[in-house]
Amino acid sequence: MAKDKETASKTAGKRPGKSMAIMIVCGVLGFIVAALPTVVVLLVGMIPTIVAYIIDLTPGRYAARCVAGLNIAGVVPFLNRLWSSTNDLPGAIAVVTDVYAWLAFYLASGVGWALFISLPSFVASFKTYSAKRKANALRERLEELVREWGDDITGNKPGDVEGGDRAADAPDSASAGSKPAPA
Amino acid sequence: MTEAADTSAPGPEEIDGENEIVLADRYRILPNSPLPEMGMPGSKAYTARDLKNPNEQVFARICEPNVFPRVEVMVQLKNMREAYTVIPEDWGPIYWPATGERCFAIIFRRPEGGALMPSLTAGIPKIDPEILIKTVLSPALVTLSVFERKKITHRAIRPDNIFKTAVEGAGCLFGDCVSVPPSWGQSTIFETIESSMAPLWARGRGTISDDIYALGASLLILGIGKCTVSSMNERDLLNAKVDQGSFGALLNGDVVPGRLREPIRGMLSDDPMDRWTLEDLTQWAAGTLRRTARPIREYKTDRPVKFRDKDYRNTRTLAQAYGVHWKQAASQMKTKAFDTWLQRGLSDTELVEDLTDLIAASAGGEDDASASKLVTRVCALLDPEGPLRYKGLSAMPDGLGYALSHAFEQDDKDTVGLVTEMIHKGLASDWFELKIAKGRSDLTLESKTFKRLQQFVRQSGPGYGVERVLYELNPFLPCRSPMLKSSYVYSLRDLLPAIDRYVAQNGGMKKFVDRHIAAFVGSRIKGSIDSQLAALEHSAGVSVSAKIGMTGMLAKVQYEHQNQMTPHLTTRLAAELEPAISKFQSKTLRQKVREKIDQAAQEGNLMEIYHTLSNKNLQQKDNKGHARAKRQYTEAQREIGRLESAEFQEEARRTGWKIAAGISLVIGVVTTVGVFSW
């Protein structure tokens with residue numbers, strides 16, 4: 001019975017998602033019909049991004065993101081040209097058949113790919129170098145601590161640098177008493 | 001203790017010239033000039049010179065190493081000029097060449113005349129009763145009245161210890177009573193029956209009534225000109241006293257001088273309640289004696305009781321026999337025959353009732369412990385004035401201190417054990433309680449003292465136990481630590497110099513935590529040292545904390561005597577306490593502490609050493625620092641691991657991608673905004 005309730009609540013939860021998807025699909029279809037020239041330019045111009053998205057296996061799809069930003073930078077001037085002219089399907093076809101437009105789309109995407117490939121290794125080298133320096137500083141601190149407090153702070157067998165032969169008992173109980181006299 | 005006595009300087013330095021010893025920079029003692037006529041058991045007399053006042057005739061008594069003088073009485077006597085007694089002028093430990101160690105010396109002004117009787121075996125012409133009253137009894141009454149007021153007793157009154165003065169017919173002087181413990185060497189002739197039942201080292205300081213008894217016996221001997229019982233052994237004399245009464249026994253058939261018969265009989269009464277008091281004697285001397293009848297305790301039994309094949313007709317002698325053969329006594333007490341004897345043999349119904357209840361109450365216990373306790377209590381009821389009897393040991397409760405010190409000196413472990421048991425089981429305090437219940441309210445303090453001692457005996461750690469009892473009961477007993485035995489340290493003032501000297505001579509101490517030193521300090525020091533003693537309690541004296549506790553105790557002594565620096569001791573101590581310094585975990589702190597300790601050791605400053613090693617704040621700081629360092633170490637290690645891990649490399653690459661994606665996005669947005677706005 002509890003299971004039934006769970007299933008019912010699951011289906012009830014799915015329903016608004018489904019209708020949302022239908023609404024989005026309807027919206028996209030409406031947009032395609034209403035702005036077909038723009039859609040044609042975007043679809044053709046963003047092919048490098050779509051390809052990058054498909055082949056990108058990095059977690060978070062950073063390759064696609066790098067390509068997408070610069071790809072859009074390559075497409076936007078041509079969209080502006082379309083919208084500044086007749087903004088119809090022949091105008092869109094004129095753009096997508098323009099060789100310079102294709103050059104712009106792919107050149108920008110290429111820059112995106114170059115950024116994706118070169119920047120991480122540069123950043124990693126920098127961070128590794130900085131981490132190495134930090135680790136060395138920490139190692140010096142560790143040695144300093146061991147010198148000051150002995151080996152037992154390392155969690156290994158106690159063997160103090162100097163006071164390794166400390167007696168088993170500390171001056172604890174004896175000192176609990178009152179001082180014999182005010183200093 | 002006299003201020004003039006030089007006790008801090010090392011012994012041999014006191015020798016001034018050849019065979020001469022100087023006490024307190026004033027009295028020169030000549031070891032080669034003994035005065036046998038002035039000597040007494042436990043203390044020999046020697047010629048002495050008063051360097052400040054050469055005309056003064058003085059002599060010195062040197063106490064034997066194992067015999068301890070009554071310093072507390074000397075302090076009182078010093079300013080008691082109105083008493084007719086030999087007054088100690090000065091005293092203190094000195095180096096004595098004959099023994100090779102420090103002995104206690106006492107300087108007395110020499111009596112101008114000789115003793116009234118050279119010895120008890122010697123006969124003298126009978127002294128006229130009137131002269132006796134004038135020259136002996138009257139000054140004795142003055143002296144004993146002063147003694148009673150000061151709550152001290154003489155306990156050495158006998159004819160050979162009473163001296164004439166230069167002026168014919170003037171009052172005689174009582175001799176020395178401070179060189180040896182009370183009643184030390186005093187014959188049974190001059191001791192009451194109850195006191196004679198205890199060995200001479202366990203008779204205690206007694207009361208003024210004991211002195212009156214001794215005075216009575218002395219008057220009797222002087223009156224008849226001889227001691228009629230001098231040839232009798234102690235046991236026979238005691239038995240004779242019990243059977244015939246002291247008066248009859250000492251008279252031994254002779255005739256007592258007419259006028260003195262009444263007071264001597266009164267002074268020699270064997271019942272302390274009936275014995276004449278100072279008031280009685282004063283009234284008698286003034287001719288105004290009005291003595292009311294006092295209840296007399298009857299010790300004689302109606303019927304004899306057989307014990308160990310001997311018939312006893314007196315509860316005192318029975319108690320004495322029971323005290324010696326306590327196991328057989330305990331068995332007899334539980335028999336039907338004994339119960340029958342109680343009902344028929346004793347006329348005192350209250351006593352019978354008390355004894356019956358006591359025996360009935362102990363019916364369950366068959367072991368030695370309950371048997372010994374039963375015998376002790378029965379003996380206390382049968383002979384309430386007698387000594388405390390426990391497992392064969394007889395001692396007056398106020399003589400337990402002397403008994404204990406004697407047992408320690410003789411290395412008599414059995415007696416030490418018995419005294420400890422007596423106090424531990426509360427038998428001594430019970431004895432006083434019984435007396436208080438019978439009207440002796442003046443014994444309340446003693447009862448409380450023994451209850452306090454019971455607490456000390458219950459604790460076994462250094463500073464407590466039987467050693468503490470020894471020093472509590474003997475406030476001027478020198479420290480009996482084997483290290484200090486030859487130094488005669490009877491005051492805290494002498495302790496640190498003596499220890500320092502010992503360390504200098506021997507290169508160290510055999511046992512730093514010494515039970516005798518701990519108990520000696522515990523009993524003599526002002527204020528509490530419980531915390532220091534607690535540190536010694538569970539460590540058997542070998543651990544560092546015990547050594548620090550002992551240091552703290554000696555530091556307290558140093559605080560009381562600020563000028564006594566002990567460089568030899570502290571230097572040795574610094575080495576002994578090295579583990580305590582090493583216990584500090586921080587190297588820097590350790591270094592600082594070590595420097596401080598070394599500095600204090602060079603100065604001989606025990607207080608500084610103790611303060612440094614017992615500084616709680618320093619330890620807390622060290623512990624906190626250690627915990628923090630441990631935490632920092634772990635965190636740093638973890639951070640190094642993270643920085644050198646593959647994950648960190650991956651993370652760096654991912655960061656690169658994020659930056660690249662960010663740059664790309666910014667370019668896209670800037671371009672879009674630029675294109676459309678342009």
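In this predicted model, the contact between the two chains draws on 56 residues from chain A and 60 residues from chain B. On the chain A side, the elements that put in two or more residues are α4 (62-84) and α6 (99-149). The biggest giver is α6(A), with 22 residues. Sorted by character, the chain A side of the contact comes out as 30 nonpolar, 13 polar and 13 charged residues.

Chain A itself is helical: it has 6 helices and 0 strands, so to speak an α-α-α-α-α-α pattern when read along the sequence. Of its 183 residues, 27% are buried. Among the contacts in chain A with a separation of 6 or more, 61% join residues 24 or more positions apart.

One helix pair in chain A is worth a closer look. Two packed helices are described by the angle between their axes and the distance between the axes. For helix α3 (residues 47-55) of chain A and α4(A), the angle is about 175° and the axes are 8 Å apart. That makes the two helices, α3(A) and α4(A), roughly antiparallel, because angles over 145 degrees are counted that way. From α3(A), the residues involved are Pro48(A), Thr49(A), Ala52(A) and Tyr53(A), and they meet Ala63(A), Ala64(A), Val67(A), Ala68(A) and Asn71(A) of α4(A). By character, this contact of α3(A) with α4(A) splits into 7 nonpolar and 2 polar residues, with no charged ones.

Chain B mixes the two kinds of element, with 28 helices and 12 strands. Its radius of gyration is 36 Å, whereas a compact globule of 678 residues would come in near 26 Å. Taken along the principal axes, the C-alpha atoms of chain B fill a box of roughly 155 × 75 × 45 Å. Buried residues account for 48% of the 678 in this chain. As for contacts in chain B with a separation of 6 or more, 65% are between residues 24 or more positions apart.

Then there are the nonpolar cores. The largest has 185 residues, and those with the most contacts inside it are Ala60(B), Ala105(B) and Leu404(B). Helix α4 (residues 208-224) of chain B supplies the largest share of this core, 10 residues. A second, separate core holds 28 residues, including Tyr62(A), Val76(A), Ala101(A) and Phe116(A). Back in the largest core, the surroundings of Ala60(B) can be spelled out. Setting aside neighbours within four places in sequence, Ala60(B) is in contact with Tyr27(B), Ile29(B), Ala45(B), Tyr46(B), Ala48(B), Ala105(B), Ile106(B) and Ile107(B).

Further along chain B, helix α16 (residues 427-437) has a set of buried residues: Leu427(B), Ala428(B), Ser429(B), Trp431(B), Phe432(B) and Lys435(B). The cover over these buried residues of α16(B) includes α13, β11 (388-390), α14 (400-409), α15 (413-424) and α17 (444-458) of chain B. After α16(B) comes Gly439(B), which has a positive phi, near 110°.

Positive phi values also turn up at residues other than glycine. Ala24(B), which is not a glycine, has a positive phi of about 55°. Ala24(B) sits in the loop between β1 (21-23) and β2 (27-34) of chain B. With 21 other C-beta atoms within 10 Å, Ala24(B) is buried, since the cut-off for burial is 20 or more. Asn252(B) is another such case, with a positive phi near 50° in a residue other than glycine. Asn252(B) belongs to the loop between α6 (246-251) and α7 (261-267) of chain B. Because Asn252(B) has 16 C-beta neighbours inside 10 Å, it counts as partly exposed.

A last loop residue to mention is Glu366(B), placed between α12 (349-361) and α13 (368-382) of chain B. Glu366(B) has 10 other C-beta atoms within 10 Å and is therefore exposed, the limit for that class being 12 or fewer. Although Glu366(B) and Ser331(B) are 35 residues apart in sequence, their C-alpha atoms are 9.3 Å apart in space.

Methods
Residues numbered from 1 in each chain as written. Chains lettered and ligands numbered in written order. Predicted model: local features only at pLDDT ≥ 70, side-chain atom pairs only at ≥ 80, totals over all residues. Helix = DSSP H or I, 4+ residues; strand = E, 2+ residues; numbered from the N terminus. Rg over C-alpha atoms; globule rule 2.2 N^0.38 Å. Contact = placed C-beta atoms within 7 Å. Nonpolar A, V, L, I, M, F, W, Y, C, P; charged D, E, K, R; others polar. Core = buried A, V, L, I, M, F, W, Y, C linked by C-beta atoms within 7 Å. Axes fitted to C-alpha atoms, helices over the stretch in contact; angles between N-to-C directions. Parallel < 35°, antiparallel > 145°, perpendicular 65-115°, else oblique.
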